[in-house]
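Biologist: I am new to this structure and would like a close look at a single part, the packing of one pair of helices, with enough of the surroundings to place it. Please explain each term as you come to it.

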Amino acid sequence: MKRRELLIAFFVLVVVWPVSVRAQQSPEIVPKVGFVYPGSKEAAASRIDAIMSGLRASGYTAPAQVEFVARIADGDPARIAPMVEELIAKNVNLIIANGPPVLHVARSTTRTIPIVALDLETDPVASGVATSLGRPGSNITGVFLDFPDFTAKWIELLRESNPKLSRLAVLWDPVTGPVQIESVKKVAGSLNIQLVTLEVRRPSDFEGAFSAAHGAADAMVMLGSPLISANVQMLAELSVRYRLPVITLFPDFARKGGFMAYGPNLLGLYRRVGVLAGNVLRGANPAELPIERPTKFELVLNSRTADALGLSIPAALLLRADEVIE
């Protein structure tokens, strides 16, 4: 009996030992995904969760299958370039670039490491990021939204709630480039609406901007920017404090107490970026991976905030809303 047990043990050792040695000699290479987020740590958490959900959907089901290296600028634009350089030094296999400032730095720093961007403020073709939407032609692909018609839609929605709108404040983050602000100027000019342009570069600029808009404008449009999307709670509170009807791209602004929002589901876009990143890690060439555009947009109204601001939302507008906060 003992002889039989010894033979079995020897057989198991002979079979298993070479396999374990091979595993030690040739460990599976775990890809590294770098992510630079320009906003706050608090806002970054939900974005990272959504990206990881997308990576899982693309086939990276276990945390051990991919290493996620996140760097958070926490609202300081000066930290973005060093963070991108740090990720490159860590030999990441792919960079997820959030917003124009991160994309600009990543693009100027590497033309070989694949970049998957989430950029809601840049025209990728007009800016030279891609040769075409169908075939980007470089190391960059992702989800982009350059939709000048959005500004016309925002102003139209504000005028439905206030037909006497004649002065409009515009909250603009200059690092996103001129496309959005030029679009607002064009639309406002065609409607004889006076503009008050307010530049913001960090959260500490918000209070002064709302103070300047108070009494000088009938309403405000907040243009797309990671700076805006990461601080919707603060901005909603300021809009109520300064009694200013505000519309923006990010639906969570209205859910957090702002007046109105019309735009895509932001976390859904982050999830989609995670899926694209997973496809690239599995061998897809970003030069041939079509750039995607958001296709679904939400109109979210906060009727409680409208009451606080003394506004009456027309029934037709309420009926068109995807969500009404009461």
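Modeller: What follows goes from the whole chain to the pair of helices, and then to a few single residues.

This is a predicted model, in which local features need a pLDDT of at least 70 and side-chain atom pairs count only at pLDDT 80 or more, while totals for chains, interfaces and linings use all residues. Residues are numbered from 1 along each chain as its sequence is written, and side-chain values use heavy atoms, with hydrogens and water left out.

The pLDDT, which is the predictor's confidence in each residue on a scale from 0 to 100, has a mean of 89 over the chain, and 90% of the residues reach 70 or more. Over residues 1–26, however, the pLDDT is below 50, and this stretch has two contacts in the model beyond near neighbours in sequence, where contact means heavy atoms within 4.5 Å. The chain has 13 helices and 12 strands, which are DSSP runs numbered from the N terminus (H or I over at least four residues for helices, E over at least two for strands). Its C-alpha trace spans about 95 × 45 × 35 Å along the principal axes. Of the contacts with a separation of 6 or more, 71% join residues 24 or more positions apart. Buried residues make up 51% of the 326 residues in the chain; buried means under 20% relative accessible area, exposed over 50%, and partly exposed in between, with a 1.4 Å probe and protein chains only.

Now to the pair itself. Helix 7, residues 206–213, packs against helix 9, residues 232–241, at an angle of about 25 degrees, and their axes are 10 Å apart. The axes are lines fitted to C-alpha atoms, for helices over the stretch in contact, and the angles run from 0 to 180 degrees between N-to-C directions. Helix 7 and helix 9 are therefore roughly parallel to each other, since angles under 35 degrees count as roughly parallel, over 145 as roughly antiparallel, 65 to 115 as roughly perpendicular and the rest as oblique. Their crossing is right-handed, a term used if the near helix is turned clockwise from the far one by less than a right angle, and left-handed if anticlockwise.

From helix 7, Phe206, Glu207 and Phe210 take part in the contact, and from helix 9 they meet Met234, Leu235, Leu238, Ser239 and Arg241. These residues divide into five nonpolar, one polar and two charged, where Ala, Val, Leu, Ile, Met, Phe, Trp, Tyr, Cys and Pro count as nonpolar, Asp, Glu, Lys and Arg as charged, and the others, Gly among them, as polar.

Arginine 243 is found in the loop between helix 9 and strand 9 (246–248). Its phi is near 50 degrees, a positive value in a residue other than glycine, and with a relative accessible area of 49% arginine 243 is partly exposed. Asparagine 91 also has a positive phi, near 60 degrees, and its place is in the loop between helix 3 (80–89) and strand 3 (94–98); at 59% relative accessibility, asparagine 91 counts as exposed.

Threonine 305, in helix 12 (residues 303–308), is buried, with a relative accessible area of 7%. Leaving aside residues up to four places away in sequence, threonine 305 touches Val240, Gly257, Gly258 and Phe259.
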